[in-house]
Amino acid sequence: MARSRSPAPVLVPLLLLLAGAARADTGCPPLPGLDYCAAGAHGWVYGPDAAQVRLLGDDLAASAAAFERLFARVPLRLAVLLDAPEGIATDARARLAAAGAVQVLDWPGMQAFQAAREATQPADDPARRLLAANPAIGQAIWRNLTRHELGHVRFNLTYWPDLGRTAGHGHARSPDWLNEAAAMVLEADDLAAHRRRLLHGMGADPAQPLPALADFLAMANPARPRDQAAPAAKGVSLVYRSPAEAGDAAAGARYYALVQGWADFLVQATAATRAGVLGSISTRIAAGGSFEDWLADTGPGFGLPATLPALDRQWQAWLQAAPR
């Protein structure tokens with residue numbers, strides 16, 4: 001991965017750049033006001049803070065590698081501008097697009113992100129006090145949320161390229177479960193582990209039985225903001241909500257845990273037969289088909305049954321066998 005401070009544009013062999021082995025002064029078109037840059041197969045991260053640029057560059061490189069492995073497609077390259085000043089000119093952004101960025105995204109750095117979150121919380125909120133006393137937790141939240149949200153962007157622009165001109169992830173055309181699964185599998189492991197533990201606890205609670213597969217696949221994400229307007233310009237939305245505005249947090253957590261388990265199941269159940277199950281499903285849905293269409297036509301090629309009831313039985317058996 002390349003890192004630089006106010007680099008001059010230098011032409012380097014594409015192979016070296018994609019391997020993340022370019023010299024420290026290459027690969028980053030200069031952006032006045034954003035002194036640091038990390039470049040690689042994931043794209044570019046710019047910002048005024050070298051440590052944050054390095055962290056996010058590493059995160060997005062790992063996310064890009066996961067996308068290629070799980071979707072069997074070369075990941076699109078994004079350009080992320082942390083705490084970009086107002087004066088970043090249109091022509092500077094155009095240089096990034098010309099270099100291969102499919103979208104140039106403005107994103108808050110860690111301090112700006114934390115300040116915006118705190119503005120929605122009461123001063124005596126226990127979570128706010130915990131974060132103030134443990135800066136490392138705040139950094140982990142910023143990194144995880146950034147990786148998740150930019151995972152939505154990468155996924156949606158891959159299968160619905162025109163979405164980048166009109167909307168952020170809340171306006172995806174895929175079913176909610178696929179939209180969230182695509183972002184989750186591109187995250188770091190710590191959030192996934194938390195959701196897996198929650199799912200196992202849910203499965204052991206007879207008072208809250210897990211939904212049938214057909215019902216789950218048709219569910220709306222209870223945490224998705226329904227009143228969020230599409231951004232007027234090409235970009236992604238980031239909305240901060242107070243606890244009172246956030247809706248049923250417990251229902252949202254259960255839904256995300258269920259999506260995590262479903263994504264795990266699909267990947268694990270097909271790994272020995274064929275890679276890229278999520279990409280194959282996404283391609284079919286982007287072409288106007290349904291998951292049931294994909295299952296009937298293509299599921300057996302991935303080692304899955306051709307009908308939803310048969311797949312539901314396999315899914316329920318997987319849930320019962322999963323370690324607790």
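**A first look at this structure**

Leu-178 counts as buried because its relative accessibility is 0%, below the 20% cut-off for that class. This leucine belongs to a predicted model, in which 13 helices and 5 strands make up the listed elements of the protein. Here is a short tour, from the whole protein down to a few residues.

**The protein overall**

- Of the 324 residues in the protein, 45% are buried.
- Among contacts with a separation of 6 or more, 67% join residues that are 24 or more positions apart.
- The protein has an accessible surface of about 14800 Å², and carbon and sulfur atoms account for 58% of that area.

**Around Leu-178**

- You can find Leu-178 in helix α7, which covers residues 176-184.
- Beyond its neighbours within four places in sequence, Leu-178 is in contact with Phe-155, Ile-281, Ser-282 and Ile-285.
- Leu-217 is 39 residues away from Leu-178 along the chain, and their C-alpha atoms are separated by 8.8 Å.

**Two loop residues with positive phi**

- As background, most residues other than glycine have a negative phi.
- Ala-72 has a positive phi, near 55°, and sits in the loop between α2 (50-71) and β4 (77-82).
- With a relative accessibility of 53%, Ala-72 counts as exposed, since that class begins over 50%.
- Asp-83 also has a positive phi, near 50°, and its place is the loop between β4 and α3 (90-99).
- Asp-83 counts as partly exposed because its relative accessibility is 33%.

Note on methods: Residues numbered from 1 in each chain as written. Predicted model: local features only at pLDDT ≥ 70, side-chain atom pairs only at ≥ 80, totals over all residues. Heavy atoms only, no water. Helix = DSSP H or I, 4+ residues; strand = E, 2+ residues; numbered from the N terminus. Buried < 20%, exposed > 50% of the residue type's maximum accessible area, 1.4 Å probe, protein only. Contact = heavy atoms within 4.5 Å. Areas by Shrake-Rupley, 256 points an atom, 1.4 Å probe, with all protein chains shown as cover.
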